[in-house]
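Me: Could you go through this structure with me, please? I would like to start with how the charged side chains pair up.
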Amino acid sequence: MPSITDIHDEYDFLDPDDRYRLLIDLGRDLEPMPDALKTEATLVRGCSASVWIYPTRMDDGKLHFLADSNAAITKGIIALVLLTVQDRAPDAILGTDIPAALAPFDLGRQLSSNRTQGIPNMIALIRETAARYA
């Protein structure tokens, strides 16, 4: 899995259409989430598209998230968010400033507000999960 810095370095040189395609490709590369995990309990509220995030705790205590969306660009945004926290310890996740990590992508300017409105809710769910395990 590439780092968020690697993705930003590539993203920074792309035109808007190619940036959009890069996000879609990131979403396609997400680990598949079984349909059985796409429930009301894993649904992220406040997103324009359906978004599901399912946390698992690995043997070493780190958190691994499965995620999916019914919209390709939203799935790419989820993939970008997960690059900041995937397979990290709960304390490390809580210490990560996810919005700051995403800020260089300037998603608010690149995408419509409908596409980005659920990002704070995705981040909140991830942080709440990390807090439960910290």
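Me: How far apart in helix H2 are Arg-28 and Asp-25?
Reply: This is a predicted model, and in it Arg-28 and Asp-25 are separated by about one helical turn, because they sit 3 residues apart in helix H2, which covers residues 16-28. The two residues form a salt bridge, with their closest N and O atoms 3.0 Å apart. Side chains of opposite charge can pair when their charged atoms come close.

Me: And is Arg-28 buried or exposed? What about Asp-25, buried or partly exposed?
Reply: Arg-28 has a relative accessible area of 62%, so Arg-28 counts as exposed, whereas Asp-25, with 36%, is partly exposed.

Me: How many salt bridges does the count come to?
Reply: The count comes to 6 salt bridges. One of them joins Lys-38 to Asp-68, where the closest N and O atoms are 2.5 Å apart. Lys-38 lies in the loop between H2 and S1 while Asp-68 belongs to strand S2, so this pair ties together parts that are 30 residues apart in sequence.

Me: Which of the terms buried, partly exposed or exposed fits Asp-68?
Reply: Asp-68 counts as buried because its relative accessibility is 9%, and the cut-off for that term is under 20%. Its partner Lys-38, at 23%, counts as partly exposed.

Me: Which other residue forms a salt bridge with Asp-68?
Reply: Asp-68 also forms a salt bridge with Lys-75, and there the closest N and O atoms are 3.2 Å apart. Lys-75 has a relative accessibility of 22%, so Lys-75 counts as partly exposed. Through salt bridges that share partners, Asp-35, Lys-38, Asp-68 and Lys-75 are joined into one network.

Me: New topic: which residues form the negative surface patch?
Reply: The negative surface patch is made up of Glu-31, Asp-59, Asp-60 and Asp-87. Among them, Asp-60 is found in the loop between strand S1 (51-57) and strand S2 (63-69), and Asp-60 counts as exposed because its relative accessibility is 51%, where the cut-off for exposed is over 50%.

Me: Where is Asp-87, then?
Reply: Asp-87 is placed in the loop between helix H3 (72-83) and H4. With a relative accessible area of 32%, Asp-87 is partly exposed.

Me: What is the phi of Asp-87 near?
Reply: Phi of Asp-87 is near 60 degrees, which is a positive value in a residue other than glycine. For context, most residues other than glycine have a negative phi. Asp-106 has a positive phi too, near 45 degrees, and Asp-106 lies in the loop between helix H5 (98-102) and helix H6 (107-110). Asp-106 is partly exposed, with a relative accessible area of 31%.

Me: Let me jump to helix H1. Where are Asp-6 and Asp-9?
Reply: Asp-6 is in helix H1, which spans residues 4-12, and Asp-9 has its place in helix H1 as well. Asp-6 is partly exposed, with a relative accessible area of 46%, and Asp-9 is partly exposed, with 43%.

Me: How many residues apart in sequence are Asp-9 and Phe-105, and what is that in space?
Reply: Asp-9 and Phe-105 are 96 residues apart in sequence, and their C-alpha atoms are 9.8 Å apart in space. For Asp-6 and Asp-87, the separation is 81 residues in sequence and 17 Å in space, taken from C-alpha to C-alpha. Leu-83 and Pro-2 are also 81 residues apart in sequence, and there the C-alpha to C-alpha distance is 7.8 Å.

Me: Is Leu-83 buried or exposed, and where does it lie?
Reply: Leu-83 lies in helix H3, and Leu-83 counts as buried because its relative accessibility is 15%.

Me: Last thing: which elements have the lowest and the highest mean pLDDT?
Reply: Helix H7 (residues 113-116) has the lowest mean pLDDT among the elements of the chain, at 68, and helix H4 (residues 90-94) has the highest, at 98. Where pLDDT is low, the predicted coordinates should not be read in detail. For the chain, the average pLDDT is 92, and 97% of the residues score at least 70.

Methods:
Residues numbered from 1 in each chain as written. Predicted model: local features only at pLDDT ≥ 70, side-chain atom pairs only at ≥ 80, totals over all residues. Heavy atoms only, no water. pLDDT = per-residue confidence, 0-100. Helix = DSSP H or I, 4+ residues; strand = E, 2+ residues; numbered from the N terminus. Patch = residues over 30% accessible without salt bridge, like charges linked within 9 Å, V, L, I, M, F, W, Y side chains within 5 Å. Areas by Shrake-Rupley, 256 points an atom, 1.4 Å probe, with all protein chains shown as cover. Salt bridge = Lys/Arg side-chain N within 4 Å of Asp/Glu carboxyl O. Lys, Arg positive; Asp, Glu negative; His and termini not counted. Charge placed at Lys NZ, Arg CZ, Asp CG, Glu CD. Buried < 20%, exposed > 50% of the residue type's maximum accessible area, 1.4 Å probe, protein only.
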